[in-house]
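The following exercises are to be solved with the sequence and the three-dimensional structure at hand. Each task is followed by a solution in steps.

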Amino acid sequence: MALGSTIGVGLFLGSASAIQIAGPSILLGYLLAGIAAFIVLRVLGEMAVHEPVAGSFAAYANNYVGPLAGYMVGRGYWTYWIVVGIAEVTAVGIYMSIWFPETPQWIWALSSILMMGLINLIAVKVFGEFEFWFALIKVVAIVAMIALGGSVILFGFTNDWQPIGLSNLWQHGGFFPNGISGMLLSLQMVLFAYVGIKMIGLSAGEAENPQKTIPMAIDSLVWRILIFYMGAVLVILAIFPWNQVGQQGSPFVVMFERLGLREAAGLINFVVITAALSSCNAGIFSDGRLLYSLSSNGYAPARFAKLSKYGMPHHAVMSTVAICMTGVVLNYFVPDKAFHYMMAAVTFIGLMVWIAILFTQLKFRRSLTQEQVNALAYRTPWWPYSSWFALAFIFLAIVLMGFHEDARIALILGPCLMGVYLAMFYIVGLHRKTKTSCDFQ
């Protein structure tokens, strides 16, 4: 699920804007962001293996920091996936406009939300089956694209068998055409692609053998993502000069069109649509569980803790779908800006959750004796230096968001939304609740 939620519009659509800012040095940005994401994932995995519970980040924040932290993390991550859903269906509208340019973007957004909501209401097995095939389509397509691009680079396929090579990576202004600052300014766009990987933590309470499956999933996920992201972007940057990668539509579709493979371009457009639907599907799944967790802990109305006969938190899922409908309104009024606004909002909220995870793990470690630390089955490498590096990197990315016009709004609205949640915590009287466990088994 984490693989499916991560390989989405951040790669297929958002990469174009990042390339325009950083040029070939975007590859370094993906590497640095990938290292930070790996650290966050290992930190979360350490706690998830030690204490596998449903709604893990909120549970750990609640248990090791306090009820307010658990509430804010749960609300923040719930908001994150709401915004992800809106961003993904916005991307569906952009992709579909290639085939149906006369159809308004908001219609595709509405159709996508309703379809993914219905899938999530049927049963977990159905959701997992859809997510498996969605992820498989993306993975196969990216592997095929890397293989095809590699044949162009090494053997000159579709280029009269004249190998293109890698010279485009340092020509046209060099590897850093816009300087180091260009690479740094692209980090918030790069991180947008990675922030969904922490979904592994949400599934810990539902995994059959979390002590085995969670470490295996984390350790394999990171290098796969690095290969898919860096490999795919490397192919694009090697075949085309970075300043020719447009910001309209997906650079993957454009690449196949320029290679003269129009049929393949149409297939890739289908793939990126399924990629967006996959992330939206995963987002509704996550938000349903998060709202269920918040309700079970007394931080949301009790009806959201009710389960259907299939074991689904159906009220929580329906509420999530209803709130995602705000994305339809956004696509109606500002279709050109909707995706960039949502990308910035997703990144800001996602990074706030990353910070909460890292801080919670610091508190978690301090609650253990040295013998208990030594007995941990799955530990964060190079701790605590790795955690402090990840925190510094995240704060740098947040500061850099202030230099982007489209991202600046997230720095304003994000803290305001947190202030609203904080006020709700005290006004409604949630701070007087004494429940401290978030284990919803």
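**Exercise 1.** Classify C416 and C280 of this predicted model as buried, partly exposed or exposed by relative accessible area.

*Solution.* Step 1: C416 has a relative accessible area of 49%. Buried requires under 20% and exposed requires over 50%, so a residue in between is partly exposed. C416 is therefore partly exposed. Step 2: C280 has a relative accessibility of 1%, and therefore counts as buried.

**Exercise 2.** Determine how many disulfides the model contains, and examine C280 in this respect.

*Solution.* Step 1: A disulfide requires two cysteine sulfur atoms within 2.5 Å. Step 2: Under this rule, the count is zero. Step 3: For C280, the nearest cysteine sulfur belongs to C324 and is 6.1 Å away, and C280 is in no disulfide.

**Exercise 3.** Describe the surroundings of L166.

*Solution.* Step 1: L166 is located in the loop between α8 (124-155) and α9 (179-185). Step 2: With a relative accessible area of 38%, L166 is partly exposed. Step 3: Apart from neighbours within four places in sequence, L166 contacts I153 and A238. Step 4: A238 is 72 residues from L166 along the chain, yet their C-alpha atoms are separated by 5.1 Å.

**Exercise 4.** Characterise the lining of the second largest pocket.

*Solution.* Step 1: This pocket has a volume of about 430 Å³. Step 2: Its lining comprises 21 residues, and V83, I86, M342, A345 and L413 lie nearest the centre. Step 3: Two or more lining residues come from each of α6 (67-99), α16 (326-333), α17 (335-366) and α20 (405-427). Step 4: α20 gives the most, with six residues. Step 5: By class, the lining has 17 nonpolar, four polar and no charged residues.

Note on methods:
Residues are numbered from 1 along each chain as its sequence is written. This is a predicted model: local features need pLDDT of at least 70, side-chain atom pairs count only at pLDDT 80 or more; totals for chains, interfaces and linings use all residues. Side-chain values use heavy atoms; hydrogens and water are left out. On a 1 Å grid over the protein atoms alone, a cavity is a set of points where a 1.4 Å probe fits but cannot get out, and a pocket is an open set with protein on both sides within 12 Å along at least five of seven lines; lining residues have an atom within 4 Å of a point. Grid points are joined across faces, edges and corners, and a volume is the space filled by probe spheres set on the points. Helices (H or I, at least four residues) and strands (E, at least two) are DSSP runs, numbered from the N terminus. Ala, Val, Leu, Ile, Met, Phe, Trp, Tyr, Cys and Pro count as nonpolar, Asp, Glu, Lys and Arg as charged, and the others, Gly among them, as polar. Buried means under 20% relative accessible area, exposed over 50%, partly exposed in between (1.4 Å probe, protein chains only). Contact means heavy atoms within 4.5 Å.
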